[in-house]
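Here are my notes from a first pass through this one, as promised. Have the model open while you read, and tell me where you'd push back.

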Amino acid sequence: MALSFESYKWKYDVFLSFRGVDTRRTFTSHLYHALFQKGVNSFIDYKELEKGEQISPSILRAIEGSRISVIIFSENYASSVSCLDELVKILECKDSKGQLVLPVFYNVNPFQLRGQHGTFAEYLAKHEEKFRDDDINKVKRWREALYQASTLYGWHLGDGQESKFVQRIVEEIMNKLNLIPFNVAKHPVGLDSPAEDVKSLLDLGSDGVRAVGIYGIGGIGKTTLVKAVYHHISHQFEGSAFLANVREISTQSHGLVQLQEALLSEILSRRDLKVGNKDRGINLIKNRLYCKKVLIVVDDSDSLEQLESL
C-alpha cells in the first residue's frame, strides 16, 4: 500500500535532480538558493559523478527521504547514466511512497521526452549500444521513465525570464508543502465556516495592510481557528511567522526581544539574527520587512506593548 504524502516521515522537503554540466551554476543554483531563502530543506548533490559512475546509496536514500522531487530536464540530461537512474528511482518513490514529482523542462520541450527526439534520441541510442550485451532492459526502463515524466504536470521554460520562472516554481513548491498538515487540532470539527470569515476580513487580494483581532474567554478555540487559517493561506505570502504563547514569553527576561528575533528568523529564514534590545528590534522589523507581503500571527497577546513591539 502506498504511503500518503502526509503520513510518511520525510528527511528533506525537496530533492533536486539535474545534469550538472547544463544547470549546476545557473538555473539549479538559483532555484536551490531561492528555496533556501524560503526555509525549504532541499537536497542538492554538489559532487559531479564521473562518466559511467553509479549513483551512491546516499543519493538513493535522499530520494527516498524527500517529500518532493524536482527533475530539471535539460539538453544533456539523458547523457548521464546517473541522472536516468535517479529518474527511475524517483518515479518508483512516487508510486510506493506517494512522493510528489515536479518536472522542469529547461530549454527542452516535453515532447522531446515523450517522443524521445533530439538529444534524448541520440543519447538513448548510445546507451543502447553500450548496454546491448550487458543489460538492455536498463535502457528500456529509462525510456519508459522519460515518457512517464513527460506526462506529469510541470513547467516549461521557453523564452521567459529565468528569475520569474524560478519564482513560480518556488511558489508552487511552497503551496505543495502546505499540504503537510499544520498541527491544528486532534479533531478539527466546524472550522471551515469561521476560517472563511477570518480570511474574508483579511482581504487577501488587496495591497493594503490588514490587522484582525480575535478575542474571547480561554478554551473557546481561538488558537485552533488561527492555526487553521494560517495553514491555508501562509503559502500566499513572501514570508510568515506564527508566534505562540506571546503573553507568557513576554513576561520573561528579554522576552519581547526573543519574540522579535523569532519573528525575523521565521520570515527571513535566518537563524543567526540578534536584535539586542526591543527598540532596535522594532526598527529592524520595519526595515527588513518593508515592502514584503508577510503574514504574522501573534497568539495569546494581552497588551498593546506586545503588538507594538512585533
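1. Let me begin with the tryptophan just ahead of the sheet. Trp 10 counts as buried because its relative accessible area is 15%, under the 20% cut-off. Trp 10 sits in the segment before β1. In sequence Trp 10 and Glu 64 are 54 residues apart, yet their C-alpha atoms are 8.2 Å apart in space. Bear in mind throughout that this is a predicted model.

2. Now the overall picture. The protein chain has 14 helices and seven strands. Of its 310 residues, 44% are buried. If you take the contacts between residues at least 6 apart in sequence, 73% of them join residues at least 24 apart.

3. On to the sheet. In what order do the five strands of the open sheet lie? Reading across, the order is β2-β1-β3-β4-β5, and the pairing is parallel. The edge positions go to β2 and to β5 (155-157), each of which has a single partner strand, so one side of each has no neighbour in the sheet.

4. Strand β1, residues 12-18, is worth a closer look. Seven of its seven residues are buried, so to speak of it as mostly covered is fair. On one side β1 pairs with β2 (residues 42-43) in the parallel sense, over two bridges. Val 14 has Ser 42 as its bridge partner in β2. Towards β3 (residues 66-73) there are six bridges, again with the strands running parallel.

5. To check the register between β1 and β3, try two pairs. Leu 16 stands opposite Val 70 of β3, and Ser 17 has Ile 71 as its bridge partner there. As a reminder for when you look at side chains, in a regular strand they alternate between the two faces of the sheet.

6. How many residues of β3 are buried? Eight of its eight are, and the strand is mostly covered. Beyond its link to β1, β3 is joined to β4 by six bridges, and the two run parallel. Ile 71 turns up again here: its bridge partner in β4 is Pro 103. You can therefore step across from Ser 17 to Ile 71 and on to Pro 103.

7. Leu 100 belongs to strand β4. Is Leu 100 buried or partly exposed? With a relative accessible area of 24%, Leu 100 is partly exposed, since the buried class stops at under 20%. Its C-alpha lies 6.5 Å from that of Arg 67, although the two residues are 33 apart in sequence.

8. One helix to look at against the sheet is α4, residues 81-97. Helix α4 lies across β1, β3 and β4 (100-106). Relative to β1, helix α4 runs at about 145°.

9. Next, a helix pair further along the chain. The axes of α9 (residues 192-202) and α10 (residues 222-233) come within 9 Å and cross at roughly 60°. The crossing of α9 and α10 is right-handed. From α9 the contact takes Pro 194, Ala 195, Val 198, Lys 199 and Leu 202, and from α10 it takes Leu 225, Val 229, His 232 and Ile 233. By class, the contact of α9 with α10 comes to seven nonpolar residues, one polar and one charged.

10. Finally, compare that with α12 (residues 255-268) and α13 (residues 278-288). Their axes also come within 9 Å, but the crossing angle is roughly 20°. That angle makes α12 roughly parallel to α13, because anything under 35 degrees falls in that class. The crossing of α12 and α13 is left-handed.

11. Which residues make up the contact of α12 with α13? In α12 they are Leu 256, Val 257, Gln 260, Leu 263, Leu 264 and Leu 268. Facing them in α13 are Lys 278, Gly 281, Ile 282, Leu 284, Ile 285 and Arg 288. Sorted by class, the contact of α12 with α13 has eight nonpolar residues, two polar and two charged.

Note on methods. Residues numbered from 1 in each chain as written. Predicted model: local features only at pLDDT ≥ 70, side-chain atom pairs only at ≥ 80, totals over all residues. Heavy atoms only, no water. Axes fitted to C-alpha atoms, helices over the stretch in contact; angles between N-to-C directions. Helix = DSSP H or I, 4+ residues; strand = E, 2+ residues; numbered from the N terminus. Parallel < 35°, antiparallel > 145°, perpendicular 65-115°, else oblique. Left-handed = near helix turned anticlockwise from the far one by under 90°. Contact = heavy atoms within 4.5 Å. Nonpolar A, V, L, I, M, F, W, Y, C, P; charged D, E, K, R; others polar. Buried < 20%, exposed > 50% of the residue type's maximum accessible area, 1.4 Å probe, protein only.
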